[in-house]
Amino acid sequence: MRAPGESFPAAAHHELANPQLRANLANATTTIRTKRARVVEELPDWQALRDAGSAIKADVMANLDTYLLEFEAALTAAGATVHWARDGAEACAVVAQVARAHGAQEVVKVKSLATDEIELNRSLAQEGIHALETDFAELILQLDGDWSSHILVPAIHRNRTEIRDLFRRTIAPGIESDEPAVLAEAARLHLRERFLEAKVGVSGANFGVARTGTLCVVESEGNGRMCTTLPPVLVTIIGIEKLVPTLADLEVFLQLLPRSATGERMNPYTSLWTGVSDGDGPQELHVVLLDNGRTRVLADEIGRQALHCIRCSACLNVCPVYSRTGGHAYGSVYPGPIGAILTPQLIGIENAPSLPFASSLCGACYEVCPVKIDIPRVLLHLRARAVDTVGGRGERSAMRAAAWVFARGSRLRAAQRLGRIAQRLLLSGGVIRRLPPPLSAWTRTRDLRPLAPRGFVEERGERE
Amino acid sequence: MRIGLFATCVADAMFPAAARATATLLERLGHQVVVPREQGCCGQMHINAGHPHDARALAQRFIRTYGEFDAVVSPSSSCVGAIRDLYPNVLGLEAEVLSRTLELSEFLVHRLGVEDVGARFPHRVTYHPTCHSLRVARVGDAPLRLLRSVRELELLELPQATECCGFGGTFSIKNAETSSAILLDKCAAVQRSGAEFCAALDGSCLLQIGGGLSRAGSAVRTIHLAEILVSR
């Protein structure tokens with residue numbers, strides 16, 4: 001995990017040194033990537049769906065104030081209690097208060113990035129309340145005191161043998177096999193009683209429907225369905241950007257999301273609920289509308305498209321950087337390309353200035369994004385902001401000098417001539433094997449092709 | 001056609017043979033090629049590194065230098081992508097010449113409709129489609145069409161071809177270890193292809209892949225697409 005204040009390159013250094021992690025990641029990302037490509041190809045209207053998803057999200061962002069009030073009114077009319085939370089502390093306080101009111105010492109949780117973002121579990125623990133993760137991967141991480149490294153597959157950095165050994169130490173002492181079904185059964189036995197006893201469930205939401213106040217969670221395991229239906233009380237924390245105008249709009253996203261996320265045509269469980277219903281499901285529903293930096297992102301004309309994200313993680317799986325370093329190097333619950341543009345905006349560019357530079361700008365993320373977030377464009381925007389905010393004077397002077405040289409053919413030709421003289425000291429066997437810092441970073445792993453004896457423009461350039 | 005050749009700073013200094021080949025190819029097709037002496041850098045590095053203000057003067061110079069040509073052709077999709085995409089979208093600069101600026105392979109195939117340039121290159125070649133050629137300049141399969149028409153050239157498939165080589169401009173320095181980890185896999189794929197040459201149409205990516213192969217002591221050589229197309 002990236003330590004506070006540690007830069008991406010420094011954090012990546014540790015992760016890259018772990019060959020098991022590299023192998024686990026390469027395996028997993030390649031598998032999901034291939035599955036995604038296959039199910040996306042079978043839809044002839046995929047590009048139109050992406051356009052629709054993008055347009056719906058743009059409309060929601062442009063009219064968020066109206067949609068939020070509509071959502072609140074619909075929820076209230078359906079019997080829910082709505083709480084507005086400016087930040088994580090306010091949101092966590094609501095959950096603690098509800099749990100205390102019902103004498104709950106444990107709450108059961110659906111996998112939720114919003115609750116990870118606000119560190120709900122830690123906050124509840126301080127109040128003496130245990131938050132039990134019920135998603136298989138989240139449970140693994142919780143048992144091991146580990147952190148998520150992927151938006152959708154939080155334990156992607158662990159393989160099944162590591163998981164079997166962890167279970168043997170914790171919830172299933174006698175377990176021998178590392179077969180997925182055996183591991184899942186161990187988790188199921190561990191969780192079942194806790195579901196039945198829980199007084200309070202906590203969830204996030206993939207979508208909130210403004211018109212009806214309906215909440216939607218999509219998942220693969222069924223634990224989410226249990227958390228949102230078994231306990232008599234449910235608290236749902238939803239980022240304010242997660243709204244869609246009407247139920248009909250879900251038609252677009254419920255096609256885009258599973259295909260982009262797990263490479264499935266449809267996800268196994270899609271739960272929708274609207275307020276409370278007599279004798280069916282939770283009889284008390286609290287909905288927390290979480291800002292936590294989102295309105296600040298919304299104010300940035302170029303950066304705001306990061307709020308369109310539906311957390312599918314397709315961009316992680318195709319990213320050459322993510323698939324080598326893994327998620328921990330990003331030091332945020334939002335890793336990968338989307339994290340590189342979302343995290344610095346949510347917590348302030350000055351607190352994560354290296355993240356927008358953690359990309360080769362290959363553009364693979366933009367190509368797969370189901371809601372067409374132009375991640376490379378936002379990266380460039382945030383790089384400029386990082387330079388303006390915390391940029392070093394050395395780099396700024398070097399860049400300005402380079403621009404001065406590059407601006408005129410005559411200056412560029414003079415610089416080339418100087419370079420050719422300087423490189424005589426560095427050449428060995430026709431290439432440059434060692435350069436002084438900061439360019440030594442290049443030659444540690446790569447040779448450098450030297451400047452040619454004569455430049456092309458010098459050879460046949462004409463005055464216009 | 002009167003064509004302005006934009007060599008790019010990387011090709012000008014490090015791959016002059018690619019720029020020369022570009023000029024020769026266009027002249028063989030009967031066009032007049034002008035190489036303005038005042039050309040510099042397109043400014044992509046400055047934009048990508050977070051210094052768009054410094055790039056502005058470079059972009060304006062490009063527009064002034066090349067404004068009068070029927071077309072501008074360059075042996076780099078990355079620089080052409082920067083000119084067509086980043087000038088208007090990041091710098092807010094619009095000019096007619098931007099849409100007339102084309103990478104060599106797209107100029108030949110899409111603009112002129114030429115796939116066979118009469119080349120002969122008796123070698124095993126694999127082709128690395130660079131990220132910006134695919135996703136920014138969007139040259140499509142133009143380079144492959146050209147390569148398939150080259151006599152005696154054996155085109156070998158590159159495993160995981162569309163994956164980045166890890167260059168990324170200043171990324172290769174600022175995140176050198178990650179860049180190198182990506183490169184390692186690309187070099188392994190090039191090696192597995194069984195080719196003698198790894199071709200691409202961007203000098204910057206050739207710098208990265210060539211640097212990796214050379215350090216690994218590989219016998220595979222990198223080559224710019226234009227150099228193959230000009231061979232007879």
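In chain A, the C-alpha centres of domain 1 and domain 2 lie 53 Å apart. The domain assignment places domain 1 at residues 43-292 and domain 2 at residues 393-460. Keep in mind as you look around that this is a predicted model. Below are two spots to visit: a helix pair between the chains, and a helix of chain B.

**Where chain A meets chain B: H19(A) and H4(B)**

- Helix H19 of chain A covers residues 393-406, and its partner, helix H4 of chain B, covers residues 52-66.
- The two helices pack at an angle of about 0°, and their axes are 9 Å apart.
- Because angles under 35 degrees count as roughly parallel, H19(A) and H4(B) are described as roughly parallel to each other.
- On the H19(A) side, the contact is made by Met399(A), Arg400(A), Ala403(A) and Phe406(A).
- H4(B) contributes Asp54(B), Ala57(B) and Leu58(B) to this contact.
- By character, the residues of the contact are five nonpolar and two charged, with no polar ones.

**A mostly covered helix: H7(B)**

- Helix H7 of chain B runs over residues 104-111, and six of its eight residues are buried.
- The buried residues are Leu104(B), Ser105(B), Glu106(B), Phe107(B), Leu108(B) and Val109(B).
- Among the helices that cover these buried residues are H2 (16-28), H9 (142-148) and H13 (225-230) of chain B.
- Strands S3 (71-74) and S4 (101-103) of chain B are also part of that cover.
- Just after H7(B) comes Gly113(B), which takes a positive phi of about 70°.

How values were computed:
Residues numbered from 1 in each chain as written. Chains lettered and ligands numbered in written order. Predicted model: local features only at pLDDT ≥ 70, side-chain atom pairs only at ≥ 80, totals over all residues. Axes fitted to C-alpha atoms, helices over the stretch in contact; angles between N-to-C directions. Helix = DSSP H or I, 4+ residues; strand = E, 2+ residues; numbered from the N terminus. Parallel < 35°, antiparallel > 145°, perpendicular 65-115°, else oblique. Contact = placed C-beta atoms within 7 Å. Nonpolar A, V, L, I, M, F, W, Y, C, P; charged D, E, K, R; others polar. Domains from an automatic or database assignment. Buried ≥ 20, exposed ≤ 12 C-beta atoms within 10 Å, placed from the backbone.
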